[in-house]
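Dear colleague,

I am handing over the structure we spoke about, and it is shown just below. My notes on what was found in it follow after that, and I would be glad if you read them with the structure open.

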Amino acid sequence: MLDGVGISWPGGSPENTGLILALIVGAYFVVLWLSAVVWTARDIHQRTPEPMAQLVFTLIVLIFNFPGLVVYRVLRPPLTLQEAEEHRLESSALMRELEQAPPCPRCGYEIASDYLACPKCALPLRLSCDHCERVLNPDWQICPWCRKAIEAGQAAPTEPPAGPSDVSPPANILTEARSQQPPSTSSGASHVQSSRIPTLD
């Protein structure tokens, strides 16, 4: 009993009570230790396919416990295999979009896929929806975002002509000069010719 009070030690004595508490605390730390090892093994399998790296990092946490877990958190790959694959796919899709976008036909400036006009020379390039103002393909019949029908008279913008169109071709000077000459009569020519021939009386 505890100093004459009617309360006894859980283990029957202070030594047994301390032993029970030590076992409980030890079991608690063992569970945390094993949980850290299992978590490290699962996490490293998601971050690298190399068996040697998986084994080394798991042994570090298994041997050094929580300090090893801190070392693993510092040295582990920053991205999982799934995140790295998604990042690669996004980068490749972006590169394909940049490669598919043709340059400006007038000035050769690099054009993005959502440009309606060239930012350098102001050349109209694409159509835009009248309702949602999204970029449209000239071959489409309806807007895929708001499902509004594209007007039949709406055509893709084209490049304006480079030079003036009201310049007329040069006239044929020789033809024009011939047309302006007065017509000559045969009677007049014969009259002049007969007047120059002397007559004999």
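Please keep in mind throughout that this is a predicted model. I begin with a nonpolar surface patch, to which helix H1 (14–47) and helix H2 (51–75) each contribute at least two residues. Of the elements involved, H2 gives the most, with seven residues in the patch. The patch covers about 930 Å², and the residues that make it are Val 30, Trp 33, Leu 34, Met 52, Leu 55, Val 56, Leu 59, Leu 62, Ile 63 and Phe 64.

One of these patch residues, Met 52, lies in helix H2. Is Met 52 buried or exposed? Its relative accessibility is 57%, and because exposed means over 50%, Met 52 counts as exposed.

As for the setting of this patch, the secondary structure of the protein chain consists of five helices and two strands, which follow one another along the sequence in the pattern α-α-α-β-β-α-α. Of the 201 residues in the protein chain, 14% are buried, while the surface that the chain exposes comes to about 16,100 Å², with carbon and sulfur atoms supplying 61% of that area. Turning to contacts within the protein chain, if one takes those with a separation of 6 or more, 31% of them are between residues that stand 24 or more positions apart.

With best regards

Technical notes. Residues numbered from 1 in each chain as written. Predicted model: local features only at pLDDT ≥ 70, side-chain atom pairs only at ≥ 80, totals over all residues. Heavy atoms only, no water. Patch = residues over 30% accessible without salt bridge, like charges linked within 9 Å, V, L, I, M, F, W, Y side chains within 5 Å. Areas by Shrake-Rupley, 256 points an atom, 1.4 Å probe, with all protein chains shown as cover. Salt bridge = Lys/Arg side-chain N within 4 Å of Asp/Glu carboxyl O. Helix = DSSP H or I, 4+ residues; strand = E, 2+ residues; numbered from the N terminus. Buried < 20%, exposed > 50% of the residue type's maximum accessible area, 1.4 Å probe, protein only. Contact = heavy atoms within 4.5 Å.
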